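Below is a walk through the charged side chains of one protein chain and their surroundings. The structure comes first, and the explanation follows.

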Amino acid sequence: MTGIADGRVVIVTGAGRGLGRAHALAYAAEGAKVVVNDLGVGLDGAPGPDSPAGRVVDEIRAAGGAAVAHGGDIATSAGAASLVAAALETYGRLDTLVNNAGFLRDRMLVNLEEDDWDAVLRVHLKGHFLPLRHAAAHWRAETKAGRTPRARIVNTSSGAGLLGSVGQGNYSAAKAGIVGLTLVAAAELARYGVQVNAIAPAARTRMTERAFAGTMAAPDAGFDAMAPENVSPLVVWLGSAASAGVTGRVFEAEGGRITVMEGWHPGPTADKGARRTPAEAGETARKLLAEAEVPGVVYGAG
């Protein structure tokens, strides 16, 4: 290992399993002290029989690293505040926040209950905002005290948030919202020494292996492209001081592939210089659509 995160204190939410666990282990292997957050709930957000955060902490400590578990609900202000406090009280500082926690309640829109909408938006989107807010407040205070940090936030979006995903209106909306939050946070927090980026990973997790069993299955031999550990190197780099100057970006990460996403940008346009009738507007829109690129295929979640 290179020690790229040596001495940094890193929070990873949803770190008991899957991608979060892989990120926590990867940071620890690179010298970071890790706060492992996990509420220990099932795929639908219901409480599980035990919390896996302690097991990840045990793994890190057994390998000679430093870690502490946090079992609070980061979609509440009190839980998010206690998460940041756990880093400061245990290790005396905070350098990186990786927002990763989430779950699914998939339904077609006509069958999607309001509770399922609220629950997914709460954990994914509010669960990104609140830890970000409390961490940012700490870093702002540090800057005002003359100790400008080299702080990093890595958010977790999804291909579903970038392109949409049939049967996942709640999840897609939350993940798209995370992209918007990332862009705003990158602009607002730069003055405090904070860089904010997002990843849209594709990997084998509890959420994906059930929906895409064939695609996500581990191979009998050779490179396991869907292993969550493949995504973590980019997350570790983005959360390290080595990523200086990189902010407000979204990256797709899958297997050995990293893609910089370029987001929404203007396509074909036409300006009449005067108001159109509805018929004229429609005619113009169809002409422009004929010149435009066909949008990406709407697919199942990742």
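**Charged residues and their surroundings**

Arg-257 is partly exposed, with a relative accessible area of 37%. The model is a predicted one. Arg-257 pairs with Glu-252 in a salt bridge, and the closest N and O atoms of the two are 3.4 Å apart. This pair belongs to a wider set, as the count of salt bridges in the model comes to 10.

Another of these pairs joins Arg-147 and Glu-142, with 2.9 Å between the closest N and O atoms. Arg-147 has a relative accessibility of 47% and therefore counts as partly exposed, because that class covers values between the 20% limit for buried and the 50% limit for exposed. Salt bridges also link three residues into a network: Arg-21, Glu-59 and Glu-229.

A further salt bridge brings together the side chains of Asp-116 and Arg-105, at 3.4 Å from N to O. The two partners are 11 residues apart and link distant parts of the chain: Asp-116 is in helix H4, while Arg-105 lies in the loop between strand E4 (96–98) and H4. How accessible is each of the partners? Asp-116 has a relative accessible area of 12%, so it is buried, because buried means under 20%. Arg-105, at 23% relative accessibility, counts as partly exposed.

Both partners of that bridge are also in contact with Asn-170. This residue is found in helix H6, which spans residues 169–189. Leaving aside residues up to four places away in sequence, Asn-170 touches Arg-105, Leu-112, Asp-116, Trp-117, Val-120 and Leu-121. Is Asn-170 buried or exposed? Its relative accessible area is 0%, so Asn-170 is buried.

Asp-118 offers another view of helix H4, the helix of residues 114–144 in which it lies. At 40% relative accessibility, Asp-118 counts as partly exposed. Which residues gather with Asp-118 in a patch of negative charge on the surface? They are Glu-113, Glu-114 and Asp-115. Residues of such a patch have over 30% relative accessible area and no salt bridge. Asp-116 is therefore ruled out of the patch on both counts, because its relative accessible area is 12% and its side chain meets that of Arg-105 in a salt bridge.

Note on methods
Residues are numbered from 1 along each chain as its sequence is written. This is a predicted model: local features need pLDDT of at least 70, side-chain atom pairs count only at pLDDT 80 or more; totals for chains, interfaces and linings use all residues. Side-chain values use heavy atoms; hydrogens and water are left out. Patches are made of residues with over 30% relative accessible area and no salt bridge: like charges are joined within 9 Å, nonpolar side chains (Val, Leu, Ile, Met, Phe, Trp, Tyr) within 5 Å. Accessible areas come from the Shrake-Rupley method with a 1.4 Å probe; for residues, only the protein chains shown count as cover. A salt bridge is a side-chain nitrogen of Lys or Arg within 4 Å of a carboxyl oxygen of Asp or Glu. Lys and Arg count as positive and Asp and Glu as negative; His and the chain ends are not counted. The place of a charge is taken as NZ of Lys, CZ of Arg, CG of Asp or CD of Glu. Helices (H or I, at least four residues) and strands (E, at least two) are DSSP runs, numbered from the N terminus. Buried means under 20% relative accessible area, exposed over 50%, partly exposed in between (1.4 Å probe, protein chains only). Contact means heavy atoms within 4.5 Å.
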